[in-house]
Amino acid sequence: MGLILSLSKDGAHMTRPARRPERPASWNVIIHSLDEALAAAEAASASARRLRLISARGAALSAGPGWFNAVIEAIRERYPGAVVESVLDCGASPGAVMAALRLASSGGSAIDALAVRVRPVTRAKLAAMAKSLGVTLYTNPPGPALDLLDAADPAGACAAWLKRGKRRA
């Protein structure tokens with residue numbers, strides 16, 4: 001952090017910490033397909049917003065961490081200047097977390113965080129493993145979020161949501 005130099009009324013020099021520029025808040029979007037992720041990334045990029053792509057609930061069990069990882073890699077390749085965080089929802093399955101962590105341990109994972117709903121003892125063990133690999137573990141995905149599940153036009157839904165400036169869908 002820098003310092004700002006100013007003069008007091010009596011001419012003495014004073015310093016105070018410079019204010020850090022505020023980063024725009026992350027925009028949370030729940031995705032179910034690559035098309036939805038692309039629509040969200042396009043809208044976030046056009047509005048210079050940070051984007052947090054969250055998989056559908058339990059997607060680690062249905063589509064798998066490999067699918068979500070491929071979606072995030074495609075988004076980051078297409079929008080290299082965008083700030084995109086990814087959260088894979090693992091439902092209530094420690095096994096799904098372990099599968100995602102195996103992918104992370106191979107060094108080829110674009111997944112930044114996992115969400116899992118398990119007992120505290122299990123969560124603590126999973127959190128320690130995740131932390132050692134640089135992966136954040138959430139009890140629930142961050143919210144509020146725009147869920148694109150029923151959006152006939154994901155791009156339009158994203159644009160409308162951002163235009164309204166709402167934090168909730």
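The following questions and answers introduce the fold, the strands, the salt bridges and the packing of this predicted model.

Reader: How many helices and strands does the chain have?

Author: Along the sequence, the elements follow the pattern β-β-β-α-β-α-α-β-α-β-α-β-β-α. Of the 169 residues of the chain, 38% count as buried. The chain has 6 helices and 8 strands.

Reader: In what order do the strands of the open sheet stand?

Author: The open sheet is formed by 6 strands, and their pairing is parallel. At its edges stand β7 (136–138) and β8, each with a single partner strand, so one side of each is left without a neighbour in the sheet. The order is β7-β6-β5-β4-β3-β8.

Reader: How many residues of β3 are buried?

Author: From β3, Ser 26, Asn 28 and Ile 30 point one way, whereas Trp 27, Val 29 and Ile 31 point the other way. Residues on both sides are buried, since all of those named are. The strand is thus mostly covered, and the number of its residues that are buried is 6 of 6.

Reader: Which residue of β4 stands opposite Asn 28?

Author: The strands β3 and β4 run parallel and are joined by 6 bridges. Asn 28 is one of the buried residues of β3. Opposite Asn 28 in β4 stands Arg 52.

Reader: Which residue does Arg 52 meet in a salt bridge?

Author: A salt bridge joins the side chain of Arg 52 to its partner at 2.8 Å, N to O. The pair links distant parts of the chain, with Arg 52 in strand β4 (residues 50–55) and the partner in strand β5 (residues 84–89), 33 residues apart. The partner is Glu 85.

Reader: Why do both Arg 52 and Glu 85 count as buried?

Author: A residue counts as buried when its relative accessible area is under 20%. Arg 52 is buried because its value is 14%. Glu 85 falls in the buried class too, because its relative accessible area is 18%.

Reader: How many bridges pair β4 with β5?

Author: These two strands, which hold Arg 52 and Glu 85, pair in the parallel sense. Within the pairing, Ile 54 stands opposite Val 87 in β5. The number of bridges between β4 and β5 is 4.

Reader: How many salt bridges does a search of the whole structure find?

Author: One of them joins Arg 52 and Glu 85. Another joins Asp 112 and Arg 76 at 2.5 Å, N to O, linking the loop between α4 (94–105) and β6 (113–115) to helix α3 (residues 65–78) across 36 residues. Arg 117 and Asp 89 also meet in a salt bridge, at 2.7 Å, N to O. The search of the whole structure finds 3.

Reader: Are Asp 112 and Arg 76 buried or partly exposed?

Author: The partly exposed class lies between the limits of 20% and 50% relative accessible area. Asp 112 falls in this class because its relative accessibility is 27%. Arg 76, at 28%, is likewise partly exposed.

Reader: How far apart in sequence are the parts tied together by Arg 117 and Asp 89?

Author: At 18% relative accessibility Arg 117 counts as buried, and Asp 89 is buried with a relative accessible area of 3%. Arg 117 lies in the loop between β6 and α5 (120–132) and Asp 89 in strand β5, so the pair ties together parts of the chain whose separation is 28 residues.

Reader: Which elements do the buried residues of α6 pack against?

Author: In helix α6 (residues 154–164), the buried residues are Pro 154, Cys 158, Trp 161 and Leu 162. They cover an arc of only 95 degrees around the axis, so they lie on the same side of α6. The elements they pack against are β3 (26–31), α1 (34–46) and β8 (146–147).

Reader: Is the aromatic pair of Trp 67 and Phe 68 stacked, edge-to-face or tilted?

Author: Trp 67 is partly exposed, with a relative accessible area of 29%, whereas Phe 68 counts as buried at 0%. The ring centres lie 6.3 Å apart, with 40 degrees between the planes. Planes under 30 degrees apart would count as stacked and those over 60 as edge-to-face, so the pair is tilted.

Definitions and conventions
Residues are numbered from 1 along each chain as its sequence is written. This is a predicted model: local features need pLDDT of at least 70, side-chain atom pairs count only at pLDDT 80 or more; totals for chains, interfaces and linings use all residues. Side-chain values use heavy atoms; hydrogens and water are left out. A salt bridge is a side-chain nitrogen of Lys or Arg within 4 Å of a carboxyl oxygen of Asp or Glu. Buried means under 20% relative accessible area, exposed over 50%, partly exposed in between (1.4 Å probe, protein chains only). The arc is that of the directions from the helix axis to the C-beta atoms. Contact means heavy atoms within 4.5 Å. Rings of Phe, Tyr and Trp (its six-membered ring) pair if their centres lie within 6.5 Å; planes under 30 degrees apart count as stacked, over 60 as edge-to-face and the rest as tilted. Two strands pair if DSSP finds at least two bridges between them.
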